[in-house]
Amino acid sequence: MNSVLRKSVLGVAGLAFAGGLAAGPLNHQEPVAVGGVDAVAVAQARSVDEGRLLPHGEPSGQSRIDLGGEQVENTRAIIAATKKAGMDERAAVVAIATALQESKLENLGHLGDRNDHDSQGLFQQRPSSGWGTVEQITDPEYSTTAFLRGLAQVDGWEEMSLTRAAQTVQVSAFPDHYAQWEKLAADLVAEHWNES
């Protein structure tokens, strides 16, 4: 399926709506090194911790899609931004599952009449909700970093279900839809974590 047709299908299916209600980032502070340790270097150096990918066990009711080149590159960009933010592989799983639900890992521009308000990009973030400019939220590194900043402000996100963690950041009208992508997101993190 070509990219234009896929984007049309996404719009018709209503997948672009979920991030439209996003409340915007909770805090714009840069991640900092903890205890004098460079968190970015630590995250990049170690191998993936399989136990962190699915801490609540393998979920049921999972969806899968075959990824094209753009989607794989966006997956890698999310992982790279997660490492740069000094966050672990579980944060990458939450981010990738969220982007799978919001855009199927496609960096969507404005979808015209099918667009939910002004939602755009991998996470369907809204400029009007404070996520950034259109240029920023359609940049995979920027949009991922904005999502992760919001996630880092959620107290106890590491122990939450993926759905609850993602929903706290995204404020979607359909919060239960994130969970269906958890296994695929975990598989993608396991496959691509050590590439960069």
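Which residue lies over the face of Trp193, and at what distance from the ring centre? The residue is Lys83, which lies over the face of Trp193 at 4.9 Å from the ring centre. This report, which concerns a predicted model, begins with that detail and then turns to the chain as a whole, to two of its helices, and to a few residues in its loops.

**The chain as a whole**

The secondary structure of the chain comes to 9 helices and 0 strands, so that, read from the N terminus on, the elements follow one another as α-α-α-α-α-α-α-α-α. The chain has 196 residues, and buried residues make up 47% of them. When contacts between residues at least 6 apart in sequence are considered, 73% of these join residues that are at least 24 apart. The accessible surface of the chain comes to about 8,600 Å², and 52% of this surface belongs to carbon and sulfur atoms.

**Two enclosed helices**

Helix α7 runs over residues 140–152, and its length can be checked by a short piece of reasoning. At 1.5 Å a residue, the 13 residues of α7 should span 18 Å, and the end C-alpha atoms of the helix are indeed 18 Å apart, which agrees with the expected value. Of these 13 residues, 10 are buried, and α7 is therefore largely enclosed by the rest of the structure. Among the buried residues of α7 are Pro140, Ser143, Arg149 and Gly150, and the buried residues of this helix pack against α4 (69–84), α5, α6 and α8.

One of the residues in helix α7 is Thr144, which counts as buried because its relative accessible area is 0% and the cut-off for burial is under 20%. Leaving aside neighbours within four places in sequence, Thr144 is in contact with Ile78, Ala81, Thr82 and Phe123.

Helix α8 covers residues 162–170, and 7 of its 9 residues are buried, so this helix too is largely enclosed by the rest of the structure. The buried residues of α8 include Leu162, Thr163, Ala165 and Val169, and the buried residues of this helix pack against α5, α7 and α9 (182–192).

Gln167 is placed in helix α8 and is also one of its buried residues. A polar atom of the side chain of Gln167 lies 2.8 Å from the backbone nitrogen of Ser172, and, not counting residues up to four places away in sequence, Gln167 touches Ser172, Pro175 and Tyr178.

**An aromatic pair**

How many aromatic pairs does the structure hold? The structure holds 1 aromatic pair. The rings of Phe123 and Phe147 have their centres 5.0 Å apart and their planes at 15°, and because planes under 30 degrees apart count as stacked, this pair is stacked. The pair links distant parts of the chain, since Phe123 lies in the loop between α5 (89–103) and α6 (134–137), whereas Phe147 lies in helix α7, 24 residues apart. Phe123 is buried, with a relative accessible area of 0%, and Phe147 likewise counts as buried, at 0% relative accessibility.

**Residues with a positive phi**

Most residues other than glycine have a negative phi. Against this background, the following residues of the chain may be set out together.

| Residue | Place | Phi |
|---|---|---|
| Lys104 | loop between α5 and α6 | near 60° |
| Leu105 | loop between α5 and α6 | about 65° |
| Val171 | just after α8 | about 55° |

Lys104 counts as buried at 11% relative accessibility, and Leu105 counts as buried at 0%.

**Met160, in the loop before α8**

Where in the chain does Met160 lie? Met160 lies in the loop between α7 and α8. Is Met160 buried or exposed? At 9% relative accessibility, Met160 counts as buried. Not counting residues up to four places away in sequence, Met160 touches His56, Arg90, Val154, Asp155 and Ala165, and of these Ala165 is one of the buried residues of α8. Met160 and Pro55 are 105 residues apart in sequence, and yet, C-alpha to C-alpha, the two are 9.4 Å apart in space.

Methods: Residues are numbered from 1 along each chain as its sequence is written. This is a predicted model: local features need pLDDT of at least 70, side-chain atom pairs count only at pLDDT 80 or more; totals for chains, interfaces and linings use all residues. Side-chain values use heavy atoms; hydrogens and water are left out. Helices (H or I, at least four residues) and strands (E, at least two) are DSSP runs, numbered from the N terminus. Buried means under 20% relative accessible area, exposed over 50%, partly exposed in between (1.4 Å probe, protein chains only). Contact means heavy atoms within 4.5 Å. Rings of Phe, Tyr and Trp (its six-membered ring) pair if their centres lie within 6.5 Å; planes under 30 degrees apart count as stacked, over 60 as edge-to-face and the rest as tilted. A charge sits over a ring if NZ of Lys or CZ of Arg is within 6 Å of the ring centre and within 35 degrees of the ring normal. The expected span of a helix is 1.5 Å times one less than its number of residues. Accessible areas come from the Shrake-Rupley method with a 1.4 Å probe; for residues, only the protein chains shown count as cover. A polar contact is a pair of N or O atoms within 3.5 Å; within protein, one must be able to donate a hydrogen and the other to accept it, and residues adjacent in sequence count only if both atoms are side-chain atoms.
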